[in-house]
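New to this one? Have a look at the model first, then read on for a quick tour.

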Amino acid sequence: MGYVHSKDLSQISETICTENFTPWRKLLPCKQTGLSTLLNPIKMYESVFHSMSVHFLHVCEDGTATCGTRRRLELTLNFVSELDLQSRNLDWSFRHIFGRRLDQNCVIADRDIVLFEMDRKVITANNQLRKIGNRIYSLYNISAYPHHAFPIDISAKYESRLELPVNTSPALVTIRSYVTGTNQQSGYLISILRNAQHIPQSVVYTHVVPWFIKIYYHTIRLTCQPLEVKQERFLEGKVNKKVFVPAKDRQRPFLLEWNVTLPENSLCEISLEFDKAFLRVNEYPPDASHGFYIPAP
């Protein structure tokens with residue numbers, strides 16, 4: 001599991017993997033029945049975002065969580081599924097989100113409840129409505145379902161498709177960045193700026209780099225070339241203003257800010273060379289095999 005270092009919170013991150021997910025799932029009352037059957041690792045890892053947490057609380061008799069001898073264990077799992085924007089269809093079901101259906105309830109659990117927030121365009125069936133504050137929720141009490149009602153595939157349909165504004169105007173300038181190098185000690189940080197317009201574009205390139213990336217200032221360069229590969233010549237990219245804020249070990253990151261003018265129909269490259277600082281053992285991220293993450297400009 002991951003850890004927290006009080007002096008540097010910028011490197012705290014850990015990818016959820018089966019070695020964390022399996023013990024978390026074993027804490028549930030039922031492992032193979034009830035709502036736990038929906039916990040499909042494949043669907044979870046394919047999601048846009050996922051996280052999980054464990055909270056162990058002291059519970060008082062009056063319902064607060066500051067004293068008493070009772071204990072409460074709260075398990076939370078969050079993941080975000082991606083919509084099919086091409087079809088603009090908002091309809092969903094358990095089989096679509098989780099890749100599974102509910103085959104039976106958890107017999108040792110007090111309650112198995114599915115609760116989701118409704119809006120005015122959703123259509124559901126065989127559900128109860130509950131109002132909490134200003135919001136209306138659809139409630140399914142899985143524990144009350146008879147045995148012959150399973151398997152259950154809860155779903156919702158919408159009266160209309162998703163309406164998205166259509167913006168066909170191209171981006172004036174696009175940027176992508178990557179790191180090159182063959183070892184864990186040094187490398188190059190490269191950013192590609194693409195100007196597909198027929199006129200020069202003035203942009204401000206800003207990059208905040210963590211302190212443990214030691215930048216060689218004399219290696220920072222800007223080079224430009226035409227978008228057409230056939231034109232084997234270099235273009236002149238103008239640097240109007242340069243701002244450097246050096247990093248301080250374990251205190252602040254390095255700041256690079258350049259005001260540059262990109263030539264028309266050009267690809268410009270901003271590159272710099274760096275070395276990695278020698279870190280203390282407790283300053284490495286939890287899963288060091290993933291390497292260090294450098295924020296994009």
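Here's a short briefing, grouped by topic.

Keep in mind that this is a predicted model. Two disulfides turn up in it, and the largest nonpolar core has 24 residues. There's also an open sheet made of three strands, plus a serine, Ser143, that gets its own section below.

**The nonpolar cores**

- In the largest core, with its 24 residues, the members that touch the most others are Ile215, Leu222, Leu256 and Leu272.
- Several strands feed into this core, with at least two residues coming from each of strand 10 (186-195), strand 11 (201-209), strand 12 (213-226), strand 14 (254-262) and strand 15 (266-276).
- A second core of 15 residues lies apart from that one, and Met118, Ile142, Phe150 and Ile154 are among its members.
- What does leucine 272 touch, once its neighbours within four places in sequence are set aside? Its contacts are Gly187, Tyr188, Leu189, Ile215, Thr219, Ile220 and Leu256.

**The disulfides**

- In general, a disulfide is a covalent bond that joins the sulfur atoms of two cysteines.
- One of the pairs here is cysteine 30 with cysteine 106, whose sulfur atoms sit 1.9 Å apart.
- The torsion about the S-S bond of cysteine 30 and cysteine 106 is about 75 degrees, so this disulfide is right-handed.
- That pair ties together distant parts of the chain, 76 residues apart: cysteine 30 is in the loop between helix 1 (18-26) and helix 2 (41-45), while cysteine 106 is in the loop between helix 3 (94-98) and strand 4 (113-117).
- Are cysteine 30 and cysteine 106 buried or exposed? Both cysteine 30 and cysteine 106 are buried.
- Cysteine 224 and cysteine 268 make up another pair, with 2.1 Å between their sulfur atoms.
- The link of cysteine 224 and cysteine 268 is right-handed too, with 110 degrees about the S-S bond.
- This pair also connects distant parts of the chain, from cysteine 224 in strand 12 to cysteine 268 in strand 15, 44 residues apart.
- Cysteine 224 has a relative accessibility of 3%, so it counts as buried, and cysteine 268 is buried as well, at 0%.

**Strands and how they pair**

- Strand 9 (residues 173-180) and strand 10 run antiparallel, joined by eight bridges.
- Across that pairing, isoleucine 175 stands opposite leucine 193 of strand 10.
- The hairpin of strand 9 and strand 10 has five residues between the strands, and glycine 181 in this hairpin takes a positive phi near 145 degrees.
- Elsewhere, three strands form an open, antiparallel sheet in the order 4-7-6.
- Strand 4 and strand 6 (128-132) stand at the edges with a single partner strand each, so each has one side without a neighbour in the sheet.
- From one strand to the next, the twist averages 30 degrees.
- Strand 4 is joined to strand 7 (residues 135-141) by five bridges, and phenylalanine 116 stands opposite serine 138 in strand 7.

**A look at serine 143**

- Serine 143 belongs to the loop between strand 7 and strand 8 (155-158).
- Its relative accessible area is 27%, so serine 143 is partly exposed.
- Although serine 143 and alanine 109 are 34 residues apart in sequence, their C-alpha atoms are 8.3 Å apart in space.
- Beyond its neighbours within four places in sequence, serine 143 is in contact with Asn105, Asp110, Arg111 and Asp112.
- The side chain of serine 143 also reaches the backbone nitrogen of aspartate 112, at 2.6 Å.

Definitions and conventions
Residues numbered from 1 in each chain as written. Predicted model: local features only at pLDDT ≥ 70, side-chain atom pairs only at ≥ 80, totals over all residues. Heavy atoms only, no water. Core = buried A, V, L, I, M, F, W, Y, C linked by side-chain atoms within 4.5 Å. Buried < 20%, exposed > 50% of the residue type's maximum accessible area, 1.4 Å probe, protein only. Helix = DSSP H or I, 4+ residues; strand = E, 2+ residues; numbered from the N terminus. Contact = heavy atoms within 4.5 Å. Disulfide = S-S within 2.5 Å. Pairing = 2+ DSSP bridges. Axes fitted to C-alpha atoms, helices over the stretch in contact; angles between N-to-C directions. Polar contact = N/O pair within 3.5 Å; in protein donor to acceptor, adjacent residues only side chain to side chain.
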